[in-house]
Amino acid sequence: MSKVLVMDADLANKIAAGEVVEKVVSVVKELVENSIDAGSTEIKIELIDSGVKEICVTDNGIGMDEEDAVLCFSRHATSKLKTLDDLFNIESLGFRGEALPSIASVSNTILQTYNGKTGTEVIVNGGKLESIKKNLDLPQGTKIKVKNLFYNTPVRLKYLKNLYIELANVVEYVDKMALSYPGIRFNLINNGKSILFTDGSNNLLKVISRVYGVDVARKMFTIHGTNGDYTINGYASYPEKARSNRNSITTFVNNRLIKNNELNKIITDAYHTYIPASKYPIVVLNIEVDPILIDINIHPTKMDIKFSKMDTLKELLSNIIIKELEGKNLVPNIESRTHVDKIELAVKENEKIEEIKEETNNNYSSLEELTLNFEVEEEQDDYLENALENLKTPNEIEEEKKERIKKMYPVGLVHGTYVIAENEDGMYLIDQHAAAERINYEKYLKKLGTHDNHMQDLLIPLKIELSTQEYIILKEKIDKLIELNFEIEDFGINTILVRSHPYWLPEYCLEEAIRKIIDIVISEREFDPYKFTEKVAITLACKMSIKANDHQELPALEDLLERLRNTENPFTCPHGRPTIIAYSKYELEKLFMRSMEK
């Protein structure tokens with residue numbers, strides 16, 4: 001008797017469901033992508049108990065006739081691939097033809113659709129076709145209701161996360177799709193409460209404000225560029241709005257949401273020294289490319305992607321972000337609210353809550369909910385509608401770059417660490433150590449990159465003892481020290497003698513600086529010339545700069561601030577921490593109640 005058997009369709013669909021449908025967000029993703037592929041301009045996602053009990057996706061797309069409405073529940077039934085060549089020129093979001101049969105095999109599914117001619121309802125329970133109803137009076141588009149997910153596969157149901165995590169995953173996905181398709185009106189509802197609503201006005205900055213808030217939207221700059229292969233459009237945040245995880249980097253290719261580690265690294269590397277290594281910018285980015293140059297058919301989720309000509313994409317994207325950062329004034333401006341401001345605002349907003357309750361019967365119970373549902377409609381729109389019109393011209397940006405920070409006049413030092421300075425625009429707090437680090441970092445980086453032959457002989461050579469392992473490694477990399485203009489010779493067992501050093505090393509902490517450089521040479525496993533010189537520059541800048549509690553007189557502080565103004569990036573230290581925080585004159589007057597908002 002043969003041991004090899006062909007699985008029946010029900011079992012095959014349940015196995016396929018394990019690949020396609022892992023959790024609630026998997027279902028939402030497949031249904032929403034189908035709605036987008038159907039040309040929808042409005043998509044409503046309604047959940048009951050975070051989607052575990054019910055998921056309902058309604059769109060106003062092209063709809064289906066009766067035959068297609070039934071056929072779409074068959075495995076590998078798709079309207080998006082017809083030939084093998086189509087597989088390498090995919091422009092739709094879905095194409096495998098596995099989503100609906102996989103979902104229907106582990107749920108109770110109801111599909112209602114109208115294509116402008118006929119209305120059809122199809123009910124499938126656990127993968128089995130239960131009924132077909134024809135000629136129904138339905139609105140244009142398709143509505144799919146998925147009930148009791150994994151009811152017939154209890155093991156999978158058991159491993160669903162708690163309701164909050166399932167909902168958080170859905171919110172994250174819908175947020176990103178709204179960012180990808182600002183021309184589509186998205187409405188996400190859970191247990192009758194609206195969580196996200198976009199107006200479909202095709203204003204990406206407006207969607208960013210809905211997802212991340214008005215404050216973030218105000219601190220975004222445009223990204224745009226093209227070469228022969230790629231066109232890039234989107235927004236990226238000022239360094240001060242950096243987040244603690246990578247989820248804030250949202251990338252699309254031809255409007256398809258992707259997660260690509262190499263692409264994320266290109267973006268974060270462009271922010272190098274602008275933000276700490278543990279932080280990530282907020283980025284919304286779409287890459288347009290001929291489908292022939294990418295491969296999206298490498299994973300069932302279609303989230304990963306392979307790029308051809310990655311080097312040209314890296315160069316284009318890096319240059320755009322770096323150029324934009326170099327042209328901005330990146331001093332964080334402190335926006336304050338006085339105690340009285342907060343009270344007045346609370347009173348006004350609570351009054352608005354009551355008005356909204358009466359007009360919409362929505363049960364807003366807190367100022368937090370109001371912020372999500374009311375402020376988005378008024379305060380945000382005023383700013384966002386004009387944001388694109390107010391972008392600076394290239395000439396204005398160039399003028400601003402010439403004096404990115406106006407001259408600041410020091411007036412004192414707080415705790416021996418923070419310089420207080422002023423000019424006609426307001427007050428500034430400057431971290432003197434961070435400022436000195438930035439100055440020294442750029443100085444050392446420039447010196448390390450010149451490779452001149454100027455050396456300084458030591459009157460008394462410096463003897464450095466190493467472990468056997470360190471000595472062996474250093475001997476292998478000794479040419480790196482020679483390139484930096486060190487003169488080194490052996491001096492006994494596991495010991496070297498430093499006779500000369502680069503002239504630019506600081507005399508007041510010479511031995512410490514030399515030891516630090518040698519430690520870096522030994523510790524670097526894979527030697528990258530740029531990373532090495534940068535690490536040396538950062539290390540020297542940190543160790544050789546004035547520290548907190550090093551008291552400086554006003555002339556020295558004035559010199560420090562002037563040298564900081566003349567650096568390429570005066571806004572952060574090489575570790576990405578801010579050097580300057582600003583208080584505008586207006587904000588100072590508000591703090592002291594000299595200027596009150598009406």
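This briefing describes the overall make-up of the protein chain, three of its helices and a few individual loop and strand residues.

The structure is a predicted model. Its protein chain is built with 21 helices and 22 strands, and of its 598 residues 46% count as buried. Among the contacts in the protein chain with a separation of 6 or more, 69% are accounted for by residues 24 or more positions apart.

**Helix α18 and its surroundings**

- Helix α18, which covers residues 510-523, has 14 residues and reaches 20 Å from its first C-alpha to its last, close to the 20 Å expected at 1.5 Å a residue.
- The buried residues of α18 are L510, A513, I514, I517, I518, I520, V521 and I522.
- The elements that cover these buried residues of α18 include two strands, β19 (455-465) and β21 (495-502), together with the helices α16, α17 (478-483) and α19 (529-544).

**The crossing of α16 and α18**

- The axis of helix α16 (residues 468-476) comes within 9 Å of the axis of helix α18, and the two axes cross at roughly 85°.
- With an angle that falls in the range from 65 to 115 degrees, α16 and α18 are therefore roughly perpendicular to each other.
- On the side of α16 the contact is made by E470, I473 and L474, while on the side of α18 it is made by I518, V521 and I522.
- Sorted by character, the residues of the contact of α16 with α18 comprise five nonpolar, no polar and one charged.
- The three residues that α18 brings to this contact, I518, V521 and I522, also appear in the list of buried residues of α18.

**Helix α20**

- Helix α20, made up of residues 554-565, has twelve residues, and the distance from its first C-alpha to its last reaches 16 Å, close to the 16 Å expected at 1.5 Å a residue.
- Within α20, the residues L557, L560, L561, L564 and R565 are buried.
- Seen down the axis of α20, these buried residues fall within an arc of 135°, so they line one face of the helix.

**Two residues with positive phi**

- N148 lies in the loop between strand β6 (141-147) and helix α5 (154-158), and its phi is near 55°, a positive value in a residue other than glycine.
- With a relative accessible area of 35%, which lies between the 20% limit for buried and the 50% limit for exposed, N148 is partly exposed.
- K309 is placed in the loop between strand β15 (306-307) and helix α10 (310-326), and phi of K309 is likewise near 55°, a positive value in a residue other than glycine.
- K309 has a relative accessible area of 46% and is partly exposed.

**Pairs separated along the chain**

- G116 is found in the loop between strands β3 (108-114) and β4 (119-125), and at 41% relative accessibility G116 counts as partly exposed.
- G116 and M64 are 52 residues apart along the chain, and their C-alpha atoms are separated by 8.8 Å.
- K306 has its place in strand β15, and with a relative accessible area of 52% K306 is exposed.
- K306 and E262 are 44 residues apart in sequence, whereas in space they are 10.0 Å apart, C-alpha to C-alpha.

Key:
Residues numbered from 1 in each chain as written. Predicted model: local features only at pLDDT ≥ 70, side-chain atom pairs only at ≥ 80, totals over all residues. Heavy atoms only, no water. Helix = DSSP H or I, 4+ residues; strand = E, 2+ residues; numbered from the N terminus. Expected span 1.5 Å × (residues − 1). Buried < 20%, exposed > 50% of the residue type's maximum accessible area, 1.4 Å probe, protein only. Arc of directions from axis to C-beta. Axes fitted to C-alpha atoms, helices over the stretch in contact; angles between N-to-C directions. Parallel < 35°, antiparallel > 145°, perpendicular 65-115°, else oblique. Contact = heavy atoms within 4.5 Å. Nonpolar A, V, L, I, M, F, W, Y, C, P; charged D, E, K, R; others polar.
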